Amino acid sequence: MSLSALSYPSEALSFSSSIRCPLIGLSPGLDTDDGDLRLRPAYLHAVREAGGCPVVLPFSSSDPCKAQSESSFLAAQMDGLLLTGGPDPHPFLYGEETLSGCGSVSMLRDRTDLALFSAFFKLKKPIFGICRGAQLINTALGGTLWQDIPSQIPESLLCHNQPYAPNLTAHQVSVCPQSLLYQITGQSVLAVNSFHHQAIRVPGTGLMISALSSDGVCEAVEYPEHPFLLGVQWHPERLTGTGENAKAAQSLFDHFCACCQQGV
Ligand code: MN
């Protein structure tokens, strides 16, 4: 076979010669039962649809020095960080003991996500947190979490763990008009899906609450002093495409990737 027969199609060549698309680092998902790397393709798909190139990052080394230097290196190479969903952050991260309603945790994911957050935050690179990712941002900045909404906020009647398909919305959130979230979506009320039993309790230093559900649970936070640091409690990557409110969901990824592209 000749070399030319092995080369990429012309579209691929023109793609490589055009402006480089932003590299979006994704925190790796973990199967807590068998330790396998596991990440829903919906995250990668939503990033690609927004013009980004998704790159699943490695778990941190157990050696703190290596973990820090590798995270700094990765943050320098990538244009933005997407902190994905997953198990509950360990309550020790925000100075609490484990309550009976707390779910499974992963020290490996906590270590990895915190090292990545710190490295990208230092470089002021865009960071987008989804579900656990939003909670991780909050704990990294010194905030606390509700370990279990049903047992700690029994007066809440909203179902935050919907018993049906993730491409359907489950409840609404009120969006703060002065927020980046409002700027991006243009909507003061958003219908969202819901797959969480924990939530942000006290926001971390510098964070503002950008959306609340009707039971007063924090559904989004952002850091106004940063070009793009946003955490949402719902799963927009599972609402894109043909899901309900797909446009608002995709707009979050579009804006995130555009910020990454601009190098802010
Ligand atoms: Mn919810």
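Which residues line the second largest cavity? Hi everyone, let me start there and then walk through the rest. One caution before anything else: this is a predicted model.

So, the second largest cavity. Pro-58, Phe-59, Ser-60, Glu-70, Ser-71, Leu-74, Thr-112 and Leu-116 make up its lining. Two elements give two or more residues to that lining, namely helix 4 (64-77) and helix 5 (107-122). The largest share, three residues, belongs to helix 4. If you sort the lining by class, you get four nonpolar, three polar and one charged. The volume comes out at about 30 Å³.

Let me step back to the general picture of empty space. Rolling a probe the size of a water molecule over the atoms shows where empty space is left. In this structure there are two cavities of 30 Å³ or more. You have just met one of them, so let's turn to the other.

The largest cavity has a volume of about 40 Å³. Around it sit Leu-190, Ala-191, Val-192, Trp-234, Leu-239, Asn-245, Ala-248 and Ala-249. Which elements each supply at least two residues of this lining? They are strand 7 (189-192) and helix 9 (246-262). Strand 7 gives the largest share, with three residues. As for chemistry, seven of the lining residues are nonpolar, one is polar and none is charged.

Since strand 7 has come up, let's stay with it for a moment. In a regular strand the side chains alternate between the two faces of the sheet. Here, Leu-190 and Val-192 point to one face and are buried, whereas Val-189 and Ala-191 point to the other face and are not buried. Strand 7 also has a partner: strand 6 (residues 171-175) runs antiparallel to it, and four bridges join the two. To pick out one contact, Ser-174 has Val-189 of strand 7 as its bridge partner.

Strand 6 takes us straight to the metal. Which protein atoms are the donors of the manganese ion? They are ND1 of His-160, NE2 of His-171, OG of Ser-194, NE2 of His-196 and OE of Glu-219, lying 2.3 Å from the ion. For those of you who like to search sequences for patterns, the spacing of these donors along the chain is H-x10-H-x22-S-x1-H-x22-E. Look at the pair His-160 and His-171, which links distant parts of the chain: His-160 is in the loop between helix 7 (149-152) and strand 6, and His-171, eleven residues apart from it, is in strand 6. Are these two histidines buried or exposed? Both His-160 and His-171 are buried.

Now for the open space. The largest pocket has a volume of about 510 Å³. Its lining has 24 residues, and those nearest the centre of the pocket are Arg-40, Gly-85, Gly-86, Pro-87 and His-235. By class, the lining divides into six nonpolar, twelve polar and six charged residues.

My last topic is charge pairing, and it brings us back to helix 5. How many salt bridges does a search of the whole structure find? The count is six. I'd like to show you a group of residues that are connected: Arg-109, Asp-110, Asp-113 and Arg-132 are linked in a network of salt bridges.

Take Arg-109 and Asp-113 to begin with. Their side chains form a salt bridge at 3.0 Å, N to O. Both residues lie in helix 5, four residues apart, which is about one turn of the helix. Arg-109 and Asp-113 are both buried.

Next comes Asp-110, which forms a salt bridge with Arg-132, with 2.9 Å between the closest N and O atoms. Asp-110 is in helix 5 and Arg-132 is in helix 6 (residues 132-140), so this pair ties together parts that are 22 residues apart in sequence.

Arg-132 also meets Asp-113 in a salt bridge, at 3.0 Å, N to O. Because Arg-132 lies in helix 6 and Asp-113 in helix 5, this pair ties together parts that are 19 residues apart in sequence.

Why does Arg-132 count as buried? Its relative accessible area is 1%, and the cut-off for buried is under 20%. Asp-113 counts as buried too, at 0% relative accessibility.

That's the tour, so thanks for listening, and I'm happy to take questions!

Methods:
Residues are numbered from 1 along each chain as its sequence is written. This is a predicted model: local features need pLDDT of at least 70, side-chain atom pairs count only at pLDDT 80 or more; totals for chains, interfaces and linings use all residues. Side-chain values use heavy atoms; hydrogens and water are left out. On a 1 Å grid over the protein atoms alone, a cavity is a set of points where a 1.4 Å probe fits but cannot get out, and a pocket is an open set with protein on both sides within 12 Å along at least five of seven lines; lining residues have an atom within 4 Å of a point. Grid points are joined across faces, edges and corners, and a volume is the space filled by probe spheres set on the points. Ala, Val, Leu, Ile, Met, Phe, Trp, Tyr, Cys and Pro count as nonpolar, Asp, Glu, Lys and Arg as charged, and the others, Gly among them, as polar. Buried means under 20% relative accessible area, exposed over 50%, partly exposed in between (1.4 Å probe, protein chains only). Two strands pair if DSSP finds at least two bridges between them. Donors are N, O and S atoms within 2.8 Å of the metal (3.2 Å for Na, K and Ca); water is not among the atoms, so sites may look incomplete. A salt bridge is a side-chain nitrogen of Lys or Arg within 4 Å of a carboxyl oxygen of Asp or Glu.
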